Amino acid sequence: MWVTIGSGEGSGLSVRVEGERFLIGSGDECQLMVRGERVEPLHAYFEVHDDGRVELHDLGTESGTFVNGRRIEHPTRIEGGEEIRIGDTLLTPSVEDPEREARFLHEAEGDEDEPAPAVRVQTEGEAVEVVPARERRRLLRLTREAVIAAGVALAMAATVLVLVLSGGEGGGGELSVAALVRGAKPETVLIQAEAQGRGQGGSGWVLDARRGLVVTNFHVVNGGERFVVGVGDHPRQAELVAAAPCDDLAMLRVDDPSGLRPFPLGSQGDVSQGDPVLALGYPANASLEDKLTSTTGNVSVPHSALHVPDPRAAPLDDVIQTDAALSPGNSGGPLIDHGGRLIGVNTAILTSLGRAPVQGQGYAIGVDRVKTVARDLSAGRSEGWAGFGIDFPPRRFFARRGVPPGVLATRPVPGTDAARHNFGGVLITKINGASV
């Protein structure tokens with residue numbers, strides 16, 4: 001189930017309803033934060049049952065929760081297409097992601113009768129066979145859109161992977177959680193990627209304060225053209241230095257590095273099962289304000305792998321599994337040990353296996369792999385990235401256009417090879433003769 005904000009702040013934003021309880025309200029603890037008049041901190045919630053049924057509950061609010069114009073007094077089943085009103089804000093639920101479906105179907109249906117001529121683009125010596133796609137308006141999600149769902153078949157059951165946002169922090173010695181949080185503020189940042197007037201975001205951490213280098217997940221900046229880094233409550237312009245999509249890592253350079261402090265890096269060899277860890281970051285719907293949140297937990301598996309057969313989820317060979325609660329809105333933030341050293345970059349959580357809900361399975365890219373990739377990124381050397389955003393159309397996009405499956409190269413980042421070759425708005429179907 002997806003829900004779209006139809007009025008007020010965040011209008012047009014679509015988020016996926018995940019988990020057994022999906023809170024709506026103006027409070028920071030809500031998965032969908034609604035900023036509007038007569039919206040209470042904890043206003044309502046969606047309940048997702050094991051059989052897939054979704055019900056909406058009002059939390060005893062004074063202004064009430066309305067479905068199709070009627071105030072609900074009891075749990076009300078939601079099937080998609082209803083008109084939900086929270087205070088003065090309109091919400092519309094749907095079974096599919098409305099932004100993604102609308103974008104791709106509009107593209108697919110717009111010029112159905114036109115032939116799609118194949119062209120060849122030479123990029124750094126590699127031939128890429130592409131089918132031009134009509135220029136599209138990239139509908140990126142706002143920072144508050146927290147989750148990207150990837151449905152995955154595992155034998156007879158489906159596993160759902162959610163790319164999320166979480167954080168960590170730094171210090172030295174065995175410090176209290178409060179001391180670690182205070183010390184991490186100049187080391188942990190909020191990141192916003194913008195394109196066509198819309199944006200998405202997450203968290204990041206400082207690798208090199210002198211040069212203003214900040215590390216985050218690639219999926220946080222994917223598709224962005226302009227980038228802003230929030231240090232405390234001070235937003236600063238930044239540029240994308242390099243990216244490694246297959247490792248889900250990217251590096252930004254902040255124009256003004258004043259006040260930044262680098263994160264001390266630990267070693268994955270020092271991480272043991274059961275070690276206490278702390279996750280820090282900016283929660284869903286956070287603005288560029290000093291609102292770090294912290295969650296504590298333990299290392300479940302020091303060395304694990306995350307291989308999900310879905311194109312939106314990079315296969316990760318060296319991750320740390322933790323039961324620390326990773327909150328939507330903070331992808332790219334650090335996972336740290338009790339001494340304040342970064343041991344991982346929070347990237348994903350496993351939310352369900354078939355119809356059985358899964359709890360307490362978060363995944364962070366291990367610091368040893370991060371160190372290796374960061375060396376190239378800090379030198380401006382990307383790995384498997386030429387400067388464009390990557391998008392994955394649904395199956396019917398290809399069927400309606402009569403073209404082979406592939407990936408969409410969205411608007412390029414200014415200053416990259418893709419921008420210099422005007423390589424944007426194309427469907428890539430083959431690379432060096434191999435089907436994508």
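**Exercise 1. Is G199 buried or exposed, and where does G199 sit?**

Solution.
- This model is predicted.
- Begin with the cut-off: buried means under 20% relative accessible area.
- G199 has 6% relative accessibility, so G199 counts as buried.
- Next, place the residue: G199 belongs to strand β17, which spans residues 198–208.
- Finally, look for R226, 27 residues away from G199 in sequence. Their C-alpha atoms lie 9.1 Å apart.

**Exercise 2. Describe the chain as a whole.**

Solution.
- Count the elements: the protein chain has 6 helices and 32 strands.
- Turn to burial: 55% of the 436 residues count as buried.
- Take the accessible surface: the protein chain shows about 18300 Å². Carbon and sulfur atoms hold 50% of that surface.
- Now take the contacts in the protein chain with a separation of 6 or more. Residues 24 or more positions apart make up 61% of these contacts.

**Exercise 3. Which strand pairs with β28 in the antiparallel sense, and over how many bridges?**

Solution.
- Find strand β28 at residues 362–366.
- Check its cover: 5 of its 5 residues are buried, and the strand is mostly covered.
- Find the partner: strand β24, residues 316–322, pairs with β28 in the antiparallel sense. The pairing runs over 4 bridges.
- Pick out one position: Q321 stands opposite Y363 in β28.

**Exercise 4. How are the rings of F22 and F46 arranged, and which parts does the pair tie together?**

Solution.
- The count of aromatic pairs comes to 4.
- Two values are needed: a pair of aromatic rings is described by the distance of the centres and the angle of the planes.
- For F22 and F46, the ring centres are 6.3 Å apart and the planes stand at 50°.
- Planes under 30 degrees apart count as stacked, over 60 as edge-to-face and the rest as tilted. The F22 and F46 pair is therefore tilted, given its angle of 50°.
- Locate both residues: F22 lies in strand β3 (residues 21–25) and F46 in strand β5 (residues 44–48). The pair therefore ties together parts that are 24 residues apart in sequence.
- Check the burial: F22 and F46 are both buried.

**Exercise 5. Work through the F388 and F423 pair in the same steps.**

Solution.
- The ring centres of F388 and F423 lie 5.1 Å apart, with the planes at 40°, so this pair is tilted.
- F388 is in strand β29, residues 388–391. F423 is in the loop between α6 (417–420) and β31 (426–431).
- The pair links distant parts of the chain, 35 residues apart.
- Both F388 and F423 are buried.

Technical notes
Residues numbered from 1 in each chain as written. Predicted model: local features only at pLDDT ≥ 70, side-chain atom pairs only at ≥ 80, totals over all residues. Heavy atoms only, no water. Helix = DSSP H or I, 4+ residues; strand = E, 2+ residues; numbered from the N terminus. Buried < 20%, exposed > 50% of the residue type's maximum accessible area, 1.4 Å probe, protein only. Contact = heavy atoms within 4.5 Å. Areas by Shrake-Rupley, 256 points an atom, 1.4 Å probe, with all protein chains shown as cover. Pairing = 2+ DSSP bridges. Phe/Tyr/Trp six-rings, centres within 6.5 Å; stacked < 30°, edge-to-face > 60°.
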